[in-house]
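Q: Please take a close look at the cysteines of this protein. Which of them are bonded to one another, and where do the links lie?

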Amino acid sequence: MEPPLVVVSLVLLCSAGLTRSLSITSLDQSTFEKAQGEKVTLPCTFVLSEEDEGPLDIEWVLIPADNQKKEQIIIMYAVDRIYNHYYAAMTERMQFTNPDPRSGDGSLDILNLKSADTGTYQCKVKKAPGVQSQKIQLTVLVRPARTKCSIEGSQEIGKDVILKCASQEGSPLLSYDWRRVSGTQELPATSVLNKNTGELLLKNASRDYSGTYSCVASNRVGTDECSVELNVTPPINTAGIIAGAIIGTLLGLSVLAFLVFCYCKKQREKKYEKEVHHDIREDVPPPKSRSSTARSYMGSNRSSLGSMSPSNMEGYTKTPYSQVPSEDFERAPGQNPTFAPSKYDIAYKIGDITVV
């Protein structure tokens with residue numbers, strides 16, 4: 001049983017020797033916090049020994065938070081060449097700090113950091129028979145941004161007023177701090193500040209509280225600021241406002257009623273005019289024309305001629321057409337209307353009948 005134990009001991013000693021042949025010297029800092037948009041350099045310096053004779057390989061990998069997933073290679077140096085096309089999310093934003101990592105510097109630069117770059121990065125240095133690695137935790141934080149200030153509550157003397165402050169962007173933990181810019185530049189004695197929510201409560205406000213207040217939002221990587229103007233005024237005369245509103249409403253209703261009355265009156269007048277006009281047209285029949293009266297009279301007299309022959313008409317004399325009876329033949333002389341000259345030049349009168 002002893003020979004196997006001796007073999008194991010020799011293997012352990014050889015392994016220890018291999019690991020001591022190559023060493024990483026940048027072990028001082030293993031965590032980094034940077035703001036979004038900044039640049040970070042993840043250190044990975046190393047020292048080789050005479051025993052390390054194989055090709056030099058340097059590999060940076062991103063270790064996922066989920067242990068179920070595989071490590072993602074982001075950049076590699078192998079066979080005197082750099083390969084940086086493995087991780088598309090950083091292809092244009094990462095590079096070795098030293099263009100020639102053989103000098104003993106395999107540090108990694110990441111430009112224009114994004115919040116998605118947060119994670120654990122591992123540097124692996126291989127030069128057979130030596131192998132060493134180092135893990136670095138990177139946290140990318142977002143500065144506070146788009147901070148807005150507002151006032152909640154009535155700005156009247158004796159009322160409680162709340163000054164609010166909130167950043168729409170920014171990594172936790174955000175902290176808020178209020179200060180007074182104008183006047184005494186000190187917060188009122190009755191004020192209560194909540195640094196986590198950004199609310200400043202001013203109890204029993206007075207005119208002395210009026211002024212400009214500024215809020216500063218901050219986290220570990222940056223700050224942002226906004227301001228608001230507070231104007232504390234005497235209480236509003238609500239009774240006068242109510243009375244004015246009532247009077248205004250009554251006046252409005254009066255004007256509306258007057259307009260409705262005028263409209264109804266106008267409609268009645270139009271209706272009355274239509275009815276009167278209709279009655280006149282029904283009561284007065286249309287006048288008969290002179291031509292129809294004369295022709296009907298002539299037709300009745302012609303029918304009485306019977307079958308008169310030209311020989312029977314010798315005793316009759318010619319009579320002017322102007323003596324033909326008309327619808328006004330019963331009127332007194334002088335009242336007969338004057339007719340326009342006829343297109344017929346001669347009228348023949350046979351007895352009591354005139355023939356044109």
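A: Counted along the chain, the bonded cysteines of this predicted model follow the pattern 1-2, 3-6, 4-5, and the disulfides number 3.

The link between C44 and C123 has an S to S distance of 1.9 Å. Its torsion about the S-S bond is about -65°, so this disulfide is left-handed. C44 lies in the loop between strand 3 and strand 4, whereas C123 belongs to strand 10, 79 residues apart. C44 is buried, at 0% relative accessible area, and C123 is buried at 1%.

In the disulfide of C149 and C226 the sulfur atoms are 1.8 Å apart. Here the torsion is about 75°, so the link is right-handed. The pair connects strand 12 with strand 18, across 77 residues. Both cysteines are buried, and C226 is also among the 18 residues of a core that lies apart from the largest nonpolar one.

C165 and C215 are joined with an S to S distance of 2.1 Å, and with -85° about the S-S bond the link is left-handed. C165 is in strand 13 and C215 in strand 17, so parts 50 residues apart in sequence are tied together. C165 is buried at 2% relative accessibility, and C215 at 0%. Strand 17 also runs antiparallel to strand 14, joined to it by 6 bridges; one of the bridge partners is Y213, opposite R180.

C262 and C264 stand outside this pattern. The sulfur of C262 has its closest cysteine sulfur in C264, at 9.4 Å, too far for a bond, and C264 is in no disulfide. C262 is partly exposed, at 32% relative accessible area, and C264 is partly exposed at 34%.

Technical notes. Residues are numbered from 1 along each chain as its sequence is written. This is a predicted model: local features need pLDDT of at least 70, side-chain atom pairs count only at pLDDT 80 or more; totals for chains, interfaces and linings use all residues. Side-chain values use heavy atoms; hydrogens and water are left out. A nonpolar core is a set of buried Ala, Val, Leu, Ile, Met, Phe, Trp, Tyr and Cys residues joined through side-chain atoms within 4.5 Å. Buried means under 20% relative accessible area, exposed over 50%, partly exposed in between (1.4 Å probe, protein chains only). Two strands pair if DSSP finds at least two bridges between them. Helices (H or I, at least four residues) and strands (E, at least two) are DSSP runs, numbered from the N terminus. A disulfide is a pair of cysteine sulfur atoms within 2.5 Å.
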